[in-house]
Amino acid sequence: IPLRVLEKVTGFKKSQILPILWEYVSRNVVISATDRIEAIIHNGKDGFIKIKRIFTENGREIESIRDIFRFNGYLGPVLRIDRKIPGVKFQTPWDEMKLSISDFLTFAKSSYSLNTNQVQSLKLALDALVTEEEGNGNVEDFLTSPINVFDDIIKVDYPDIDNAGNLRKLRDFYNVTTNQRAYLLALGWSVLAPLHYALKSRATGIIQAPLLVFTGRTKGGKTALASFFVGQGFDQPKDLYFYGSEAIRTNFTLMKHMSESNLPAVLDDVPASFNSVHKDALKMYVQTGHFGDRGKGDQTLTQYKGARSFIETLNEDIMLDEDLAFNNRIIQEKYTKDSAEKKDLVAWNDFINSIPSGFLISIVKELFSGQNINDILKEVENFDNGIDWINFGLNKLNTLCNKYGIPPFPNYNKNAEKDFNTYAVEIAQAF
């Protein structure tokens, strides 16, 4: 091996070394041994993937080679995303990404203007690469979240943080926050949010992991509060948890983002019509993570599924569909003029700057790491409505508060003000 290559690969794992070697020695992977079709993968400034086919014509062997993908960078290693989804790492001089094979094909098609035949050939090449690398043991695990459930056991891979100190700060700020109800709601909800999908996918009956919506006056602090718990609490960069209305305009784009992790998300400044237009899909989503289907012209069916729960923010009050609101599938908290006028930016900034990113991951780790998810499922299967999920989270936090000598958080009780038109419900109940 040339010295310049050895210098590049020193200290790397085998799976990391291989993509570098493919710059000097192209990698061939078998697509079909029967039909004698291979993919040739070459990395570097003149990176490419070609399809080679050998066939016999008039008693002579003929070799056919065609380009399907050209790039400047490194493809590989092969990834096992969340221990189940095949993926690949792709690095260019400008960017580095770890994508599922499906997402990489979408990326390559749009970024490199590939036609349908090229995309299909690229898929064959990548599938062959994944198969060979799995057989050779050259696959890297890549987790999209530090909070996972493997073989029914909750595992949290994250450094320990000062949970006692952070809980005390969280409890102290509750006394001065301008919207105590929204604060309690977001905090209690966040405790179980990364486990919502694991619970929904294991439930034999119907469980309804709630979504949240903060509505009302702009500049009241809705987005700041949601971002604090969802973004800072779970140590997420903004582009991985924060989505404006344009980013969720279609079912596909919404579920694309909601499938990228099990950590919660914020849908900011969504249109007031969002919950009414998607009311049936939202009812299903809180139970299964399924958000409707779309038929294609080729008679195939696309299913939209997501693993993330989310908090919506709207700059106006809304009237939730009675089915969504009545059982608190979506729990709404309103921000008023009073909230905006009482807002103290200096106190808020001092508070959020005093708590490190990832504080909720560390709390979840102390509460649940090593536990069997089915033990939690037995409890949530007895919940009557979404409020029980919030108070379950707050009660879990209070076990730590008791441990560390911190005053407990009060329970969250839904405001007596109605979020929905109860007229039809009241008539039904009368009968």
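Helices, with at least four residues, and strands, with at least two, are DSSP runs numbered from the N terminus. The exercises below use these labels on a predicted model.

**Exercise 1.** Find which helix holds Asn-163, and decide whether Asn-163 is buried or exposed.

Solution.
1. Asn-163 belongs to helix H5, which covers residues 163-174.
2. Its relative accessible area is 6%. Buried means under 20%, so Asn-163 is buried.
3. Leaving out residues up to four places away in sequence, Asn-163 touches Phe-359, Ser-362, Ile-363, Glu-366 and Tyr-404.
4. Asn-163 and Cys-401 are 238 residues apart along the chain, yet their C-alpha atoms are separated by 9.6 Å.

**Exercise 2.** Describe how helices H6 and H17 are placed against each other, and which residues make the contact.

Solution.
1. Two packed helices are described by the angle between their axes and the distance between the axes.
2. For H6 (residues 180-192) and H17 (residues 386-404), the axes come within 7 Å and cross at roughly 85°.
3. Angles of 65 to 115 degrees count as roughly perpendicular, and H6 and H17 are therefore roughly perpendicular to each other.
4. On the H6 side, the contact is made by Leu-184, Leu-185, Leu-187, Gly-188, Trp-189, Val-191 and Leu-192. H17 brings Trp-389, Ile-390, Phe-392, Gly-393, Leu-394 and Leu-397.
5. Sorted by class, this contact has 11 nonpolar, two polar and no charged residues.

**Exercise 3.** State how many residues of H6 are buried, and what H6 gives to the largest nonpolar core.

Solution.
1. H6 is mostly covered, with 11 of its 13 residues buried. Among them are Ala-182, Tyr-183 and Ser-190.
2. The largest nonpolar core has 66 residues, and Leu-170, Leu-195, Phe-229 and Phe-368 have the most contacts inside it.
3. H6 gives the most to this core: nine residues.
4. Phe-368 can be followed further. Neighbours within four places in sequence aside, Phe-368 is in contact with Ile-154, Val-191, Leu-192, Leu-195, Ile-376, Phe-392 and Lys-396.
5. Another core, of 30 residues, lies apart from the largest one and includes Ile-49, Met-97, Leu-99 and Val-130.

**Exercise 4.** Describe the hairpins formed by S8 with S9 and by S5 with S6.

Solution.
1. Strands S8 (residues 147-150) and S9 (residues 153-156) run antiparallel and are joined by four bridges. In one of these pairs, Phe-150 has Ile-153 as its bridge partner.
2. Two residues lie between S8 and S9; Asp-151, in the turn, has a positive phi of about 50°.
3. S8 is covered on both faces: Ile-147 and Val-149 are buried on one side, Asn-148 and Phe-150 on the other.
4. S5 (residues 85-91) and S6 (residues 96-100) are also antiparallel, with five bridges. Here Gln-91 stands opposite Glu-96, and four residues lie between the strands.

**Exercise 5.** Work out which strands stand at the edges of the five-stranded sheet, and which strands helices H9 and H11 touch.

Solution.
1. The sheet is open, its pairing is parallel, and its order is S11-S12-S15-S10-S16.
2. S11 (242-244) and S16 (330-335) each have a single partner strand, so one side of each is left without a neighbour in the sheet. These two are the edge strands.
3. On average, neighbouring strands are turned by 20° against each other, direction ignored.
4. S11 pairs with S12 (residues 265-268) over three bridges, and Gly-244 has Asp-268 as its bridge partner.
5. Helix H9 (residues 251-258) lies across S11, S12 and S15, at about 150° to S12.
6. Helix H11 (residues 279-288) touches S10, S15 and S16, and its direction makes about 135° with that of S10.

Conventions
Residues are numbered from 1 along each chain as its sequence is written. This is a predicted model: local features need pLDDT of at least 70, side-chain atom pairs count only at pLDDT 80 or more; totals for chains, interfaces and linings use all residues. Side-chain values use heavy atoms; hydrogens and water are left out. Axes are lines fitted to C-alpha atoms, for helices over the stretch in contact, and angles run from 0 to 180 degrees between N-to-C directions. Angles under 35 degrees count as roughly parallel, over 145 as roughly antiparallel, 65 to 115 as roughly perpendicular and the rest as oblique. Contact means heavy atoms within 4.5 Å. Ala, Val, Leu, Ile, Met, Phe, Trp, Tyr, Cys and Pro count as nonpolar, Asp, Glu, Lys and Arg as charged, and the others, Gly among them, as polar. Buried means under 20% relative accessible area, exposed over 50%, partly exposed in between (1.4 Å probe, protein chains only). Two strands pair if DSSP finds at least two bridges between them. A nonpolar core is a set of buried Ala, Val, Leu, Ile, Met, Phe, Trp, Tyr and Cys residues joined through side-chain atoms within 4.5 Å.
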